[in-house]
Structure formats: structure tokens, C-alpha cells
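Me: I would like a close look at one part of this protein, the central strand region and what surrounds it. Please take me through it step by step, in connected prose.

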Amino acid sequence: MSRIILIPGNGNDNVETSMWYPSVVNTLADAKDRRTGQLLFPGGGVLRTFPDPYDAHEEIWIKFMEDDMEIGEEDVVIGHSSGAAAIMRYIETRKVRGVVLVSAYSTDLGDASERESGYFNRPWNWDAISANASWITQFSSPSDKLVPIDEQRFVASKIAGVNHIELPGRGHFIRDREFPELVANVIHKMCS
């Protein structure tokens, strides 16, 4: 049964009420197919605070995604910032239905904490990432002060068939309480 799942950015120990996360997950969990009237995500939405929320170590987050969240082939997963790095590593070896990346990056950005997280200590398998999701959308903003736009564009250039959408003036997508562009994109992808 398909679910909508959100993988948060690090530094967040209360994702259930943070930023645009609950609005997006709740709206999509209730969304219906225009043609059939059936729920797009009959398994509902999953929005949980992760263990190790400040450092987001790969071995802890991937294990949580696999063992506790049980992300599977029918699920659509949204990854924000370090959550985008986590879902990209996750789908190098596992299939999901769809992926939304927000403020995605593929290097440690020169930050010691990012370097120690484990995501950036080996090459990315872009072919597997591209193949293991039926569709991938990436949202970026040229005004992002945490992840340079060139880094985000590099990620988009490596994922075959990505739908890359740049939204000016949105920064790192941390001030928004809603994210209507993301909601509309997922609904469109699920109804296509």
C-alpha cells in the first residue's frame, strides 16, 4: 500500500510540527486521484523525528528508514537537505515509486559535520539512483545560502530524467509553512 514519507533535514528534533513538513504530508495523505476518487496514498503519510537528528549519521538513518519506516517499492519519499542525501543513498540499493529531493547536495560542502555523517565518503551511484525510482523531482532555489545552487544543479545533472524545478527566493526551504508546488507536483506524478 503506497505511502507518502518525509525524510527531514538534520538539526530538527520535532519534525511533526516543523516548517512545511506536516502540511505537505497531511495534504498528500488526503489527496485523491481525480479520475477514480481513490486515495493516492492509501497507506497514509509518515512523518517522524529521526534518531540522531542533529548529526544524521548515514548508518543510523538508513537503518531507521529500512527497519522502522520500512520504506518500500510502492512508497513516495520526500527528502529535504540531509534527508535528500539519505534518500539518494537509500535508493542506490532499493527501489521506491517516486522521490522528491529538496535542497539536494552530493558533497560535504566543506563542513566537518557533513563529512562525518558518512554520506559523502564514496562516489554516488547515479545510474542506480536514476533507475530505482519511477520518477524523481528536485526542488532548488538560487537563494539557498546553505546549499549553493551550483551544487544543486550538479545533482540534477547526474540524475537521468529528473524534473528539476528552481524556485527563486525560497532559500533553503526552511521558512515556508506550506509547499504547494511540491504537493501539486506529487499529485500530478501520481495521477499520470
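**Strand 3 and its surroundings**

Reply: In this predicted model, V77 stands opposite V99 in strand 4. That pair belongs to the contact between strand 3 and strand 4, which run parallel to each other and are joined over 5 bridges. Strand 3 also pairs with strand 1, again in the parallel sense, here over 4 bridges, and within that pairing I4 has V76 of strand 3 as its bridge partner. Strands of a sheet pair through backbone hydrogen bonds, in either a parallel or an antiparallel sense.

These pairings are part of an open sheet of 6 strands, whose order is 2-1-3-4-5-6 and whose pairing is parallel. The edges of the sheet are formed by strand 2 (45–47) and strand 6 (163–166), each of which pairs on one side only. On average, and with direction ignored, neighbouring strands of this sheet are turned by 15° against each other. Strand 1, residues 4–7, pairs with strand 2 in the parallel sense over 3 bridges, and I5 is found opposite V46 of strand 2 there. Helix 7, residues 180–191, packs on the sheet and touches strand 1, strand 3 (76–80), strand 4 (96–102), strand 5 (133–140) and strand 6, while the direction of helix 7 makes about 165° with that of strand 5.

How much of strand 3 itself is buried? The count is 5 of the 5 residues, so strand 3 is largely enclosed by the rest of the structure. In a regular strand the side chains alternate between the two faces of the sheet. Here V76, I78 and H80 point one way and V77 and G79 the other way, and all are buried.

Just before the strand comes D75, which is placed in the loop between helix 2 and strand 3. D75 has a relative accessibility of 3%, and because buried means under 20%, D75 counts as buried. Not counting residues up to four places away in sequence, D75 touches M1, S2, R3, I5, E70, V96, R97 and G98. D75 and G45 lie 30 residues apart in sequence, yet their C-alpha atoms are 9.8 Å apart in space.

On the other side of strand 3 in sequence is helix 3, residues 82–90, and 9 of its 9 residues are buried, so helix 3 too is largely enclosed by the rest of the structure. The buried residues of helix 3 include the charged-named R89 as well as S82, G83 and Y90. Among the elements that cover the buried residues of helix 3 are strand 1, helix 2 (58–68), strand 3, strand 4, helix 5 (126–131) and helix 6 (149–158).

Between strand 3 and helix 3 in numbering is S81, which brings in the largest pocket: 17 residues line this pocket, and N10, S81, E114, L146 and H172 lie nearest its centre. The largest pocket holds about 250 Å³ of space, and its lining comprises 7 nonpolar, 8 polar and 2 charged residues.

Key
Residues numbered from 1 in each chain as written. Predicted model: local features only at pLDDT ≥ 70, side-chain atom pairs only at ≥ 80, totals over all residues. Heavy atoms only, no water. 1 Å grid on protein atoms, 1.4 Å probe; cavity = no way out; pocket = protein on both sides within 12 Å on 5 of 7 lines; lining within 4 Å. Points joined across faces, edges and corners; volume = space filled by probe spheres on them. Nonpolar A, V, L, I, M, F, W, Y, C, P; charged D, E, K, R; others polar. Pairing = 2+ DSSP bridges. Helix = DSSP H or I, 4+ residues; strand = E, 2+ residues; numbered from the N terminus. Axes fitted to C-alpha atoms, helices over the stretch in contact; angles between N-to-C directions. Contact = heavy atoms within 4.5 Å. Buried < 20%, exposed > 50% of the residue type's maximum accessible area, 1.4 Å probe, protein only.
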